[in-house]
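Here is an informal walk through one protein model, from a surface patch down to a few side-chain contacts. Have the viewer open while you read.

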Amino acid sequence: SFDTLVRAIEQGRLTYQNIKKAARCALTDNAGELFTVLIGLATLSIFRVAPAITAIQILAIDVVAQILPITALGWDSAQNNLMHEKPRNLKDHIVKMPSVAGFIAYGLAASVLAYLNYLYFFSRHHLNPVRFNQTLPVYHQATTLTYVTLVLCLYVYLMFERSDTHEHFFTKYLWSNKKLLIAFGLSFFLIANIVYNPVVQPYFNAGSLNIVDWLTAVSCALIYGIFRLVLRRTKGARYLSFKQI
């Protein structure tokens, strides 16, 4: 029947849309991790600043913090304008070359904020990160703060990516995926264990964070969200938008 055909087309478009979201989020996450490592290597080589994040913490971003929310994007419902879009070109790819600029811009912004928060941690504690003893517990706290800041920024990116076809960010669609909210809850539970569980901490070179640390991490995520919100309203945002992928 005609109704079946319409539903089949809608389901096909929805599947393709959710694959694009997941791919863009995963690639931007990887870009953020890569730039954090590259910035750390550059400052280590030039200024002898201790690395801002460890290899196991980078792995924890992918395995612990990101895998559940990105997977839950597969349960996103159709947006209101989904069936009003023109049929896509069958020669189009999931990832286009222009979208690489988006991965670089948003990944670099998250990594810069995370690294600045890492340096600010040392400033708040009146410590010098140059040639810092990496076996001290305070160093583990600093790298954990980098990890948390980067994760929060990338979570903000994920939420923006879900609503990038909407004119406004705060809509009912933002909270429509219950499985995504559950995935966030489970991810935060796992992150809390990495940060505070004394049994788990040594495996991730983690240290406990206080309320000020969390406030600085959330502040960086808010700055990242403002950057994302401003950019999407500018002419350049169309170049880095969801449709470019």
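Helix 5 is the main contributor to a nonpolar patch on the surface, giving four residues, the most of any element. Keep in mind that this is a predicted model. The patch is formed by Ile 67, Leu 68, Ile 182, Leu 186, Phe 189 and Leu 190, and together they offer about 550 Å² of accessible area. Two elements give two or more residues each: helix 2 (55-72) and helix 5 (178-196). Take Leu 186 as a sample member, sitting in helix 5. Its relative accessible area is 45%, so Leu 186 counts as partly exposed.

**The overall fold**

Zooming out, the protein chain has seven helices and zero strands. Read from the N terminus, that gives the order α-α-α-α-α-α-α. The radius of gyration of the chain is 20 Å, close to the 18 Å that the globule rule gives for 245 residues, so the chain is as compact as a globular protein of that length. If you like box dimensions, the C-alpha trace spans about 70 × 35 × 30 Å along its principal axes.

Buried residues account for 46% of the 245 in the chain. As for contacts between residues at least 6 apart in sequence, 84% of them join residues at least 24 apart. The chain exposes about 12,800 Å², with 69% of that supplied by carbon and sulfur atoms.

**A buried threonine**

Next stop is Thr 144, in helix 4 (residues 137-162). Is Thr 144 buried or exposed? With a relative accessible area of just 1%, Thr 144 is buried. A polar atom of its side chain lies 2.6 Å from the backbone oxygen of His 140. Leaving aside residues up to four places away in sequence, Thr 144 touches Gln 57, Val 195, Asn 205, Ala 206, Gly 207 and Leu 209.

**Salt bridges**

How many salt bridges are there? The count comes to six. Here are three of them, with their N to O distances.

| Acidic residue | Basic residue | N to O distance |
|---|---|---|
| Asp 3 | Arg 7 | 3.1 Å |
| Asp 76 | Lys 21 | 2.9 Å |
| Glu 161 | Arg 24 | 3.2 Å |

The Asp 3 and Arg 7 pair stays within helix 1 (residues 2-47): the two are four residues apart, which means about one helical turn separates them. Asp 3 is partly exposed, at 45% relative accessible area, while Arg 7 counts as exposed at 55%.

Asp 76 and Lys 21 meet in a salt bridge too. Asp 76 belongs to the loop between helix 2 and helix 3 (99-124) and Lys 21 to helix 1, so this pair ties together parts 55 residues apart in sequence. Both partners, Asp 76 and Lys 21, are buried.

The third pair, Glu 161 and Arg 24, also forms a salt bridge. Glu 161 lies in helix 4 and Arg 24 in helix 1, so the pair ties together parts that are 137 residues apart in sequence. Glu 161 is buried, and Arg 24 is buried as well. There is also a network to look at: Lys 21, Asp 76 and Arg 162 are joined into one by salt bridges that share partners.

Key
Residues numbered from 1 in each chain as written. Predicted model: local features only at pLDDT ≥ 70, side-chain atom pairs only at ≥ 80, totals over all residues. Heavy atoms only, no water. Patch = residues over 30% accessible without salt bridge, like charges linked within 9 Å, V, L, I, M, F, W, Y side chains within 5 Å. Areas by Shrake-Rupley, 256 points an atom, 1.4 Å probe, with all protein chains shown as cover. Salt bridge = Lys/Arg side-chain N within 4 Å of Asp/Glu carboxyl O. Buried < 20%, exposed > 50% of the residue type's maximum accessible area, 1.4 Å probe, protein only. Rg over C-alpha atoms; globule rule 2.2 N^0.38 Å. Contact = heavy atoms within 4.5 Å. Polar contact = N/O pair within 3.5 Å; in protein donor to acceptor, adjacent residues only side chain to side chain.
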